[in-house]
Amino acid sequence: MLGKSELNNLKKKFVEYFGDGGRVFFAPSRINIIGEHIDYNGGKVLPAAIDIGTYAIAKPNSINKLRLKSLNMEYEDEIELSDLEYDENRNWINYVVGMFKFIKEAGYEIGGCDILIYGNIPNGAGLSSSASLEILIAKIVSVFFNKDKIPNIEMAKLGKQVENEYIGVNSGIMDQFAITMGKDNKAIYLDTNTLDYEYIDMDLKDYSFVILNTNKRRELKDSKYNIRRKECEEGLEILKKYEDINNLCDFLPDQRFYKALDKIKDENIKNRVLHVVTENQRVKLMIMAMENNDLIQMGRLLDSSHKSLKEKYEVTGFELDSIVEAARENENTLGARMTGAGFGGCAIALIKTSGFEDFKSEVSKKYFERTDIECEIFLSKIDDGPREVVL
Ligand code: GLA
């Protein structure tokens, strides 16, 4: 979290732009510990909200307009509440406008608002800056116009709707769910099929998850994300002819599954399905390992998840593979994997906390030697969901 004086500076900026004081809001970003690319296959995932995220200073206005400004992006705009349609020239503002549109369509109140945004999530890092912005806006609209009564799960669903129907990314619900339901020092074990969830304690004693940003940017809209999703749908269609399933994750990686898998002739589709079904199993094994405090096994599961994402799902790429390899070579590391959609962005590693400085300098150096890119490596606190910050 930003400190008091930094937040006061943001408030001052708001006054410069909009002429009067506003209230401070925050929504976290997220990492995913394991369960990658299975939230759109009815799988189980294990994300956690983290304390870097998106801030807003906001205030309702009486002119029925959204006046929007960001300290990270140059583009700013004024939008009439009567014109909430998607416009590709609107850049990041589409996420805000999309939320206002779908919140209204869901039957909640909206109103004119002045909003200044500042985010400290590294850009294009795959830590879900877009979901963080969506949920931040949902919280603001809930507080200002709905007596703070929009349920968090509803916010998550509306955020996903904006991604899918407004922005055009066919993502699952993991990111929005993780951000709205985030809890201090807990990961969220979420069944994406039923939306049942459980909080998992993240007290790892002498160990921590570190975040490694490859600084290779990726935008989901231009990435192969939607293609992967289609490939899974194709796999499901074929398998449904032979087995009574609704989702790929209805399978366990057992004989019945491997027999069915043989029916798929396209090697790519076969590999995608194989990743999905084994990844879902790895999530369950991770929960068991955490319950048993078996950190070695946790590390192994991270490694095998990355291997599957690299070889079977093909969403890692040179930078993510390089950073994960460099991380594994460090003596403090138990395991590492990409996190989020892939194609660039961030990885996570489970390391001995006392070795952090050594880890950081060795991995940064090796990564630079191999890729010519400077990476960022940091520890982050697991945090609560969206909230108003009272100074
Ligand atoms: C992105 C999407 C999520 C999820 C991950 C991959 O972050 O927004 O819904 O599919 O990729 O696990």
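Student: Which polar backbone atom lies 3.0 Å from an oxygen atom of the ligand, that is, to which residue does the atom belong?
Tutor: The model is a predicted one. Among the residues around the ligand are Ser171, Gly172 and Met174. The polar backbone atom that lies 3.0 Å from a ligand oxygen belongs to Gly172.

Student: At what distance does a backbone N or O atom of His37 lie from an oxygen atom of the ligand?
Tutor: His37 is listed around the ligand, together with residues including Glu36 and Asp39. Here the contact is made by the backbone of His37, and its N or O atom lies from a ligand oxygen at a distance of 2.7 Å.

Student: Which residue has a side-chain N or O atom 2.9 Å from an oxygen atom of the ligand?
Tutor: The residues around the ligand include Arg30, Tyr40 and Tyr225. The one whose side chain places an N or O atom 2.9 Å from a ligand oxygen is Arg30.

Student: Is Asn41 buried or exposed?
Tutor: Asn41 lies in the loop between β1 (23–32) and β2. Buried means under 20% relative accessible area. Asn41 has a relative accessibility of 5%, so this residue counts as buried.

Student: Which residue has the backbone oxygen that the side chain of Asn41 reaches?
Tutor: Beyond its neighbours within four places in sequence, Asn41 is in contact with Cys232, Asn247, Leu248, Cys249 and Val276. Its side chain also reaches a backbone oxygen at 3.3 Å, and that oxygen belongs to His37.

Student: In what order do the strands of the three-stranded open sheet stand, and which of them are at the edges?
Tutor: The pairing in this sheet is antiparallel, and the order is β2-β7-β8. Each edge strand has a single partner strand, so one side of each is left without a neighbour in the sheet; these strands are β2 (44–45) and β8 (197–201).

Student: What is the bridge partner of Val45 in β7?
Tutor: Strand β7 covers residues 186–191 and pairs with β2 in the antiparallel sense over two bridges. In β7, the residue that partners Val45 is Leu190.

Student: Which residue takes a positive phi in the hairpin of β7 and β8?
Tutor: β7 and β8 run antiparallel and are joined by five bridges. One bridge pairs Ile188 with Tyr199 in β8. The hairpin has five residues between the strands, and the residue with a positive phi, near 65°, is Leu195.

Student: Why is one side of β10 and one side of β12 left without a neighbour in the sheet?
Tutor: Four strands form an open sheet with antiparallel pairing, in the order β10-β11-β9-β12. β10 (333–338) and β12 (376–379) stand at its edges, so one side of each has no neighbour, as each has a single partner strand. Neighbouring strands here are turned against each other, direction ignored, by an average of 20°.

Student: Which residue of β12 stands opposite Asn213?
Tutor: Strand β9 (residues 207–213) runs antiparallel to β12, and four bridges join them. The residue of β12 opposite Asn213 is Glu376.

Student: What angle does the direction of helix α11 make with that of β12?
Tutor: Helix α11 (residues 356–371) packs on the four-stranded sheet. It touches β9, β10, β11 (346–352) and β12, and its direction makes with that of β12 an angle of about 165°.

Student: How many residues of helix α2 are buried?
Tutor: Helix α2 (residues 93–105) has 13 residues and reaches 18 Å from its first C-alpha to its last, close to the 18 Å expected. Its cover includes β4 (65–70), β5 (77–80), β6 (113–119), α3 (129–145) and α4 (152–167). The helix is mostly covered, and the buried residues number 11 of 13.

Student: What is the relative accessible area of Leu66?
Tutor: Leu66 is found in strand β4. Leaving aside neighbours within four places in sequence, its contacts include Ile79, Leu84 and Phe100. Leu66 is buried, and its relative accessible area is 0%.

Student: What distance does helix α9 reach from its first C-alpha to its last?
Tutor: The buried residues of α9 include Leu295, Met298 and Leu302. They pack against β9, α8 (267–291), α10 (318–329), β10 and β11. Helix α9 (residues 295–311) has 17 residues, and the distance it reaches, close to that expected, is 24 Å.

Methods
Residues numbered from 1 in each chain as written. Predicted model: local features only at pLDDT ≥ 70, side-chain atom pairs only at ≥ 80, totals over all residues. Heavy atoms only, no water. Pairing = 2+ DSSP bridges. Axes fitted to C-alpha atoms, helices over the stretch in contact; angles between N-to-C directions. Contact = heavy atoms within 4.5 Å. Expected span 1.5 Å × (residues − 1). Buried < 20%, exposed > 50% of the residue type's maximum accessible area, 1.4 Å probe, protein only. Polar contact = N/O pair within 3.5 Å; in protein donor to acceptor, adjacent residues only side chain to side chain. Near = heavy atom within 4 Å.
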